[in-house]
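Morning, everyone. I have one chain to walk through today. Please bring up the sequence and the model.

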Amino acid sequence: QVQVAESGGGLVQAGGSLTLSCAVSESRFSIRAMNWYRQAPGNERELVARGVVGGVRDYSDSVKGRFAISSDNAKNTVYLQMNSLKPEDTAVYYCNLVVVTTGGRSDYWGQGIQVTVSA
């Protein structure tokens with residue numbers, strides 16, 4: 001059973017930085033694609049960053065130039081580096097990974113982690 005665990009959220013002042021991590025429990029499986037979503041209270045879930053491991057990255061206009069998605073294959077972990085944070089970045093952040101397992105490609109979600117940016 002593959003598990004995906006997020007970490008790194010918390011409370012930060014506006015202008016600060018946080019790095020979210022999303023790790024796959026099984027080291028024998030590899031990550032092929034990675035997405036980060038967020039959902040603020042009363043809002044729909046929003047895709048903020050996506051990428052293919054070793055390939056292209058894409059960002060929503062709201063975070064472009066401030067957020068960066070990356071991966072570490074040796075650790076089977078993806079990251080979302082968030083800089084110049086704004087109060088409007090406050091949300092629960094979810095990672096979504098496409099993982100190659102013995103059964104083929106599967107889609108997994110992290111449990112969600114709270115990011116709160118104070119003014």
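Charges to begin with. The chain carries 11 positive and 10 negative side chains. The centres of those two sets sit 6 Å apart. Keep in mind that this is a predicted model.

Now the surface. About 6200 Å² of the chain is exposed. Carbon and sulfur atoms supply 47% of that area.

And the inside? Of the 119 residues, 41% are buried.

Next, overall dimensions. Along the principal axes, the C-alpha atoms fill a box of roughly 45 × 25 × 25 Å. How does the radius of gyration compare with that of a compact globule? For 119 residues, a compact globule would come out near 14 Å, and the chain has 14 Å, so the two agree.

On to secondary structure. How many helices and how many strands are there? The count is 0 helices and 11 strands. Reading along the sequence, you simply get β-β-β-β-β-β-β-β-β-β-β.

Contacts next. Take pairs of residues at least 6 apart in sequence that are in contact. Of those contacts, 54% join residues at least 24 apart.

Let me zoom in on one strand, β4. Strand β4 covers residues 30–39. Which strands does β4 pair with? One partner is β9, residues 91–101. That pairing is antiparallel and runs over 9 bridges. Within it, I31 stands opposite V99 of β9.

Another partner is β5, residues 46–52. Here 6 bridges join the strands, again in the antiparallel sense. Look at R38: it stands opposite E46 in β5.

β4 and β5 form a hairpin, with 6 residues between the strands. Find G42 in that hairpin. Its phi is positive, near 80 degrees.

Last stop, N35. This residue lies in strand β4. Is N35 buried or exposed? Buried: the cut-off is under 20% relative accessible area, and N35 has 15%, so it qualifies.

What is N35 in contact with, leaving aside neighbours within four places in sequence? The list is L47, A49, R50, G51, Y94, C95 and N96. Now lay that list over the strands. β5 spans residues 46–52, and N35 touches L47, A49, R50 and G51. β9 spans residues 91–101, and N35 touches Y94, C95 and N96.

To recap. The chain has 11 strands and 0 helices. Strand β4 pairs with β9 over 9 bridges and is joined to β5 by 6. N35, in β4, is buried at 15%. That's my tour; over to you.

Conventions. Residues are numbered from 1 along each chain as its sequence is written. This is a predicted model: local features need pLDDT of at least 70, side-chain atom pairs count only at pLDDT 80 or more; totals for chains, interfaces and linings use all residues. Side-chain values use heavy atoms; hydrogens and water are left out. Helices (H or I, at least four residues) and strands (E, at least two) are DSSP runs, numbered from the N terminus. The radius of gyration is taken over C-alpha atoms; the globule rule is 2.2 Å times the number of residues to the power 0.38. Buried means under 20% relative accessible area, exposed over 50%, partly exposed in between (1.4 Å probe, protein chains only). Contact means heavy atoms within 4.5 Å. Accessible areas come from the Shrake-Rupley method with a 1.4 Å probe; for residues, only the protein chains shown count as cover. Lys and Arg count as positive and Asp and Glu as negative; His and the chain ends are not counted. The place of a charge is taken as NZ of Lys, CZ of Arg, CG of Asp or CD of Glu. Two strands pair if DSSP finds at least two bridges between them.
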